Amino acid sequence: MADRDVPVASADVAGKLPGLELDPDFEPVAVPKTVPGATIRDRIRYSLAPQHASVLVRGEVDDDGIADSVSRISATRDVTGIFADPAIQTNLTCGDTPAVGTWHDVETLLHQEDLAAAGLDGASVALAIVDTGINAAQVEQARGAPVTIDAARSWNPPGVSGTPGEFPVDHGSMCAFDALIAAPRATLLDLPVLQSKQQGGTVMEGLLSDALAAYAHLRTVLTDQPAASRALVISNSWGSFSPDWDFPVGNPGNYSDNPSHPFNIIVGSLEAAGADIVFAAGNCGRQCPDGRCAYTDKPIGGANSHPSVLSVAGVDIAGQRVGYSSQGPGRLTERKPDICAYTHFLGSTAFGPTEPDTGTSAACPVAAGLLTAIRTEWSATELPPAQLRTLLQRTAIAQAGGYNYDYGYGVADAAAILAELKRPAARA
């Protein structure tokens, strides 16, 4: 399974398991394992060696007698675990509040001209938009500038047809537009995971297993690059809103609080290989929660709270936290969100000429674009993802006296980041 050029069917891997209907369209995914007691510079090591790794397949069990089915499958030889595959949805805002400023205001706040003058415009850097798909024509029209889509390195989940950059105008187009504010010359990779038709009630609902398969593809995209210039930024404006979509906390198959869930493992392994992974903190802020929010506390869970990702909350162009931005602590890592980025501005017009780009869904790609701009010059080999996250945290404009669960470390400060990177010691 580690060789992506060798096609393998789910039945070849799993055979026939009692009470489980395998999904024949889901290509099995090799999932690495953390190597016990082995670290590199205090970083977790991941291994895809046959004696360590496992293979993930997807299937369904009957709702009737689910506990019995899970028990029987778990007892089968070579089954290492059964995990929740919760629906994931885009992070839209609850609000009907008018836009606060425009994307040009955000461009100014991100010091885009200064970044470009320093050669940090995202040129040739791969920026993956894991969302509903991108409509490049709409993004180009809104920007008044061309957009680069790398079709060869893009990816569709099973059952989703369509050409990269030619999906209907939707949430993914908004995210692509916002990511290009700081990195206008980035190369976009289109991964329409939220177009999955596997199950769910809306077109904007997807499954975590499709995201996991997308990340396995992105691992190949990353490792195919020369180590000296390796750079991949991944923007994820989605999350799980309800504990009803998951196994209970404490169950071995749980996703929200379980660092051993396969998706949380593959996120950590991809970051360890050199990817910058950015997640929206979510729109379950206490003042103005999205109507789907069903967690009574700690709404930032699963990969959105992973220690190896940048979890992004939202502020308007005045630096004021928007009321729907989820507050910490996080479930996998207490200090989440990490930082804030800008949202609720008039930009992509993906939802109408007067509708703002909103939610932490907009803040996430704005931050991802800033990381992409930095990667123009600073590869993941030279400046590993963990160090870059620390730089963003350390230079953020602190709010309310330091780290707090509303703002994280503060609002991303592109000017301070640029000043730090220009220091001679930055390359030491």
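Begin with the whole protein chain in view; this is a predicted model. For 428 residues, a compact globule would be expected to have a radius of gyration near 22 Å, and the protein chain has 20 Å, which agrees. Turn the C-alpha trace along its principal axes, where the protein chain spans about 60 × 45 × 45 Å. Colour the chain by secondary structure next: there are eleven helices and 16 strands.

**The chain as a whole**

Display the surface of the protein chain. About 17200 Å² is exposed, and carbon and sulfur atoms supply 50% of that area. Of the 428 residues, 55% count as buried. Contacts can also be viewed by separation along the sequence: among those between residues at least 6 apart, 79% join residues at least 24 apart. Then colour the charges. The protein chain has 28 positive and 48 negative charges, and the mean positions of the two groups are 9 Å apart.

**The seven-stranded sheet**

Hide the surface and select the strands numbered 9, 10, 8, 12, 14, 15 and 16. In that order, these seven strands form an open sheet with parallel pairing. The edges of the sheet are strand 9 (148–149) and strand 16, each of which pairs on one side only. Strands of a sheet pair through backbone hydrogen bonds, either parallel or antiparallel.

Start at the edge formed by strand 9. Two bridges link strand 9 in the parallel sense to strand 10, residues 187–191. Select Ile-149 and look across to strand 10, where Leu-188 stands opposite.

Now move to strand 12. How many of the five residues of strand 12 are buried? Five of the five residues, 232–236, are buried, so strand 12 is largely enclosed by the rest of the structure. Show the side chains of strand 12. Leu-232, Ile-234 and Asn-236 point one way, while Val-233 and Ser-235 point the other way. In a regular strand the side chains alternate between the two faces of the sheet.

Strand 12 can be followed to its partners in turn. Strand 8 (residues 126–130) runs parallel to strand 12 and is joined to it by five bridges. Within this pairing, select Ile-129, which stands opposite Ser-235. Strand 14 (residues 275–280) is likewise parallel to strand 12, with five bridges between them. Here the pair to select is Asn-236 and Phe-279, which stand opposite each other.

**Tyr-342 in the edge strand**

Continue to strand 16 (residues 339–342) and select Tyr-342, which has its place there. Is Tyr-342 buried or exposed? Its relative accessibility is 6%, so Tyr-342 counts as buried. Show its surroundings: apart from neighbours within four places in sequence, the residues in contact with Tyr-342 include Val-106, Leu-109, Leu-110, Val-315, Ile-317, Ala-362 and Val-411. Draw a distance from Tyr-342 to Lys-298 as well; their C-alpha atoms are separated by 22 Å, and the two residues are 44 apart along the chain.

**Backbone features in the loops**

Keep Lys-298 selected, and centre the view on the loop between strand 14 and strand 15, where it lies. Lys-298 is not a glycine, yet it has a positive phi of about 45°. With a relative accessible area of 31%, Lys-298 is partly exposed.

Move next to His-111, in the loop between helix 3 (103–109) and helix 4 (112–117). His-111 also has a positive phi, of about 55°, although it is not a glycine. At 30% relative accessibility, His-111 counts as partly exposed.

Then select Pro-329, in the loop between strand 15 (310–315) and strand 16. The peptide bond leading to Pro-329 from Gly-328 is cis, with omega near 5°. Pro-337 is also found in the loop between strand 15 and strand 16. Lys-336 and Pro-337 are joined by a cis peptide bond, with omega about 5°. Most residues other than glycine have a negative phi, and most peptide bonds are trans.

**Last stop: Leu-22**

Finish at strand 1 (residues 21–22), and select Leu-22 there. Which residues does Leu-22 touch, not counting those up to four places away in sequence? They are Ser-10, Ala-11, Ala-14, Gly-15, Val-57, Arg-58 and Gly-59. For a final distance, draw a line from Leu-22 to Glu-334: the C-alpha atoms are 36 Å apart in space, and the residues are 312 apart in sequence.

Notes. Residues are numbered from 1 along each chain as its sequence is written. This is a predicted model: local features need pLDDT of at least 70, side-chain atom pairs count only at pLDDT 80 or more; totals for chains, interfaces and linings use all residues. Side-chain values use heavy atoms; hydrogens and water are left out. Helices (H or I, at least four residues) and strands (E, at least two) are DSSP runs, numbered from the N terminus. The radius of gyration is taken over C-alpha atoms; the globule rule is 2.2 Å times the number of residues to the power 0.38. Buried means under 20% relative accessible area, exposed over 50%, partly exposed in between (1.4 Å probe, protein chains only). Contact means heavy atoms within 4.5 Å. Accessible areas come from the Shrake-Rupley method with a 1.4 Å probe; for residues, only the protein chains shown count as cover. Lys and Arg count as positive and Asp and Glu as negative; His and the chain ends are not counted. The place of a charge is taken as NZ of Lys, CZ of Arg, CG of Asp or CD of Glu. Two strands pair if DSSP finds at least two bridges between them.
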